[in-house]
Every structure is written in C-alpha cells, then in structure tokens.
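User: I'd like to learn how to read the features of a protein model, one at a time. Could you walk me through them, with the general idea before each case?

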Amino acid sequence: MISIPHKAKQFLVLLVKLLIVGGAFYFIYDQLAHNDKLDWQKFLTLFRKNQSVLGIGFILLLSVLNRYFEILKWQNLAKVIHEISLGEATKQVLAALTAGIFTPNGVGEYAGKALYYPKSEAKKVVFLNLICNGIQMILTVIFGIFGLLYFNAQHEVITAQTVTILFGVFVLLFVILFSLKKIKIKGYSIEKLLHKINEISKPIHRKNILLGTLRYLVFSHQYYFLFLAFDVDLPYFTLIATIAVVYFLASSLPTFQFLDFAVKGSVAIYFFGKLGVNEWIVVFISTLMWFLNVVLPVIIGAYYVLNFKTKTVE
C-alpha cells in the first residue's frame, strides 16, 4: 500500500475542505443570483410594508429551533455508539450538512458524520443517520397523506376512485415487502434491518419520534407564518394541509440540497396556484425557507469543515 507523506496528506485534506466549502458557496450564489423567477423589487416593497423586528426575530427563531431539534435527534441517536455533547452534535450535524449540500439527496451527509468517528464505527454511523433521516421521512409521508386527502376533498386534484386505487397499491406493496422480508440483497434483508432497529432501546426511538415531530411542526409552521407575512389570507387547515402536501411530494423526488428550494418551489406553485396564491410569492417563500434552513446552517457548517482535524478519525 502506498504511504502518503504527512505534509502531502495535510495538503490534500485542506484541498478537500476548500473544495467542499467553495462548492457549497458557489451553488448557493448561483441559485440566488440566476433565478429569473425572483422579483427582488416586489419582495423589497412588501418587506418595507410589513417589516417587523419581532416578526423577523420569530421567523429566525423557528429556523434555529428547526436545526436545534435535528441536532438533538443526532445527539440522542449517537448514544448508541457513545455519548456526545450538544456542541459536538452541532459540529457533526452542520459540517455534514455542508458536505452533503451538492450530493444527491444529501448522501454526502452520511460520509460527513462518519468522518468524526473511528473507521470501525462507520457502518453504525451511516445506519444511525439513516434512522435519523428515516423518521423525518416517515412523518413527512404520514402528514403528507392526511394533507393530500384534506386538500383533495376541497380541491379535487384526483378522483375518489383514483385515491382508492392508489391506497390499494400502497397496501399491496407493503404486504409484498414484508412477505419477502427474508430475501437477502447483498447480504441485507428487511428482517435483518428490523432486527438492527430493534436493538436500539425504545426510549431512544421514542425521543427520536418526539423530536422529529417537533421539527416537522416547526418548519411547517415557519412556512405558514411566512405566507401570513406575505399577506396570504387562507384558512389555517387549508394552508397547513397544502404545506404538508408540498413537503410530501417534493421529498419523494430525488434531488440535491442546493436545488431543494427549486423542487419544493415547483411543487408549491402547482398546489398553491389552485388556491389562487401569486406565483412570485410561492417562489419567494420557498427560496426564503431554503435560505433560512439550508444556507444559513451551511455557512456555519463551513467553519466546522475548515476546522475539521483528521486526527479525529485516526
């Protein structure tokens, strides 16, 4: 095996750090500067009209809470390996977010967290991160299905017959999936996965579900309050149901973190268009949600990436 000199290794690590941070900032700038659907003049006019220090502070607080609950989720799950402090969990979550911003569906996030642990624990870290993200996806699906049913009852997008057929297909797939749970693919099976999930203590699972639910409620209501700030006057349940649908459908599509707002924005334009909401308002709110919940944490995460020490994993 070829041995890399220490100085060369340090240089390569620095180069990788700069590429990750530079790439993250380039993609952020590119999306904000070259999106022709963003009418900044309209935004500034409305902002001057409705600006409120208290309102801005409240929206920023929701962004902090959103990421804080995610950090608590990781700190809770990391206990399976060993206890970590809130500061350490913050460092791992934000650095991993920065590393995953331009990878499909944030895959780089898994590798980013694994770098903070010994190589022998890498598989366990990836598995725990899967549990961490998995509960968020399950909650998004559950709330999204209820939201879709509520939205469809008011604004028929698909017929009742189609809803019944889709529900039947989902149930059938679920039954087939669990009837084949012993079949192995590359040494893995659903049965083995369930066994590994059950090895984690129930209090950790319960806390994970609670924190995931709180996080979902925070970012969905942040979306809701932004609509109110943009003078969108719609009933609470109609807005919340539509937000749930947008997150459900957008999360089902393979995408990159840096394109997250574009995907959610496209889905949101269709559904909020049915409610008569102006397209530019939907685009701006989707962009603001992305900026507040992805861009700002990535900027902080860039600091942790640049200060990452390779000795952590040796």
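User: Where do K91 and E88 lie, and how many residues apart are they?

Analyst: Helices (H or I, at least four residues) and strands (E, at least two) are DSSP runs, numbered from the N terminus. K91 and E88 both belong to helix α4 and sit 3 residues apart, about one turn of the helix. As for how they might interact, side chains of opposite charge can pair when their charged atoms come close. A salt bridge is called when a side-chain nitrogen of Lys or Arg is within 4 Å of a carboxyl oxygen of Asp or Glu. K91 and E88 meet that rule, at 3.2 Å from N to O.

User: Before we go on, what kind of model is this, and what should I know about the numbering?

Analyst: This is a predicted model, with residues numbered from 1 along each chain as its sequence is written; local features need pLDDT of at least 70, side-chain atom pairs count only at pLDDT 80 or more, and totals for chains, interfaces and linings use all residues. Side-chain values use heavy atoms, leaving out hydrogens and water.

User: How should I read the pLDDT here, and which helix has the lowest mean?

Analyst: pLDDT is the predictor's confidence in each residue, from 0 to 100. Where pLDDT is low, the predicted coordinates should not be read in detail. The protein has a mean of 78, and 69% of its residues reach 70 or more. Among its elements, helix α1 (residues 6-33) has the lowest mean, 56, and helix α9 (residues 202-229) the highest, 94. The secondary structure comes to 12 helices and 0 strands.

User: Back to salt bridges: which residue does E70 pair with?

Analyst: E70 forms a salt bridge with R215, whose closest N and O atoms are 3.0 Å apart. This pair links distant parts of the chain, with E70 in helix α3 and R215 in helix α9, 145 residues apart. The count for the model is 4 salt bridges. Another one joins K113 and E109, at 3.6 Å between the closest N and O atoms. Salt bridges that share partners also join E70, K73 and R215 into one network.

User: Are these charged residues buried or exposed?

Analyst: The classes rest on relative accessible area: buried is under 20%, exposed over 50%, and partly exposed in between (1.4 Å probe, protein chains only). E70 and R215 are buried, and so are K113 and E109. K91, at 28%, counts as partly exposed, and E88 does too, at 21%.

User: What about helix α10: how many of its residues are buried?

Analyst: In α10, 12 of the 16 residues are buried, so this helix is largely enclosed by the rest of the structure. Among them are T238, L239, Y247 and F248. There is also a length check: the expected span is 1.5 Å times one less than the number of residues. For α10 (residues 236-251) this should give 22 Å, and the end C-alpha atoms are 22 Å apart, which agrees.

User: And which residues make up the nonpolar surface patch?

Analyst: Patches use residues with over 30% relative accessible area and no salt bridge; like charges are joined within 9 Å, nonpolar side chains (Val, Leu, Ile, Met, Phe, Trp, Tyr) within 5 Å. Accessible areas come from the Shrake-Rupley method with a 1.4 Å probe; for residues, only the protein chains shown count as cover. Here F58, L61, V64, Y68 and L86 make a patch of about 420 Å². Helix α3 (residues 53-78) gives the most, with 4 residues, while L86 is found in helix α4.
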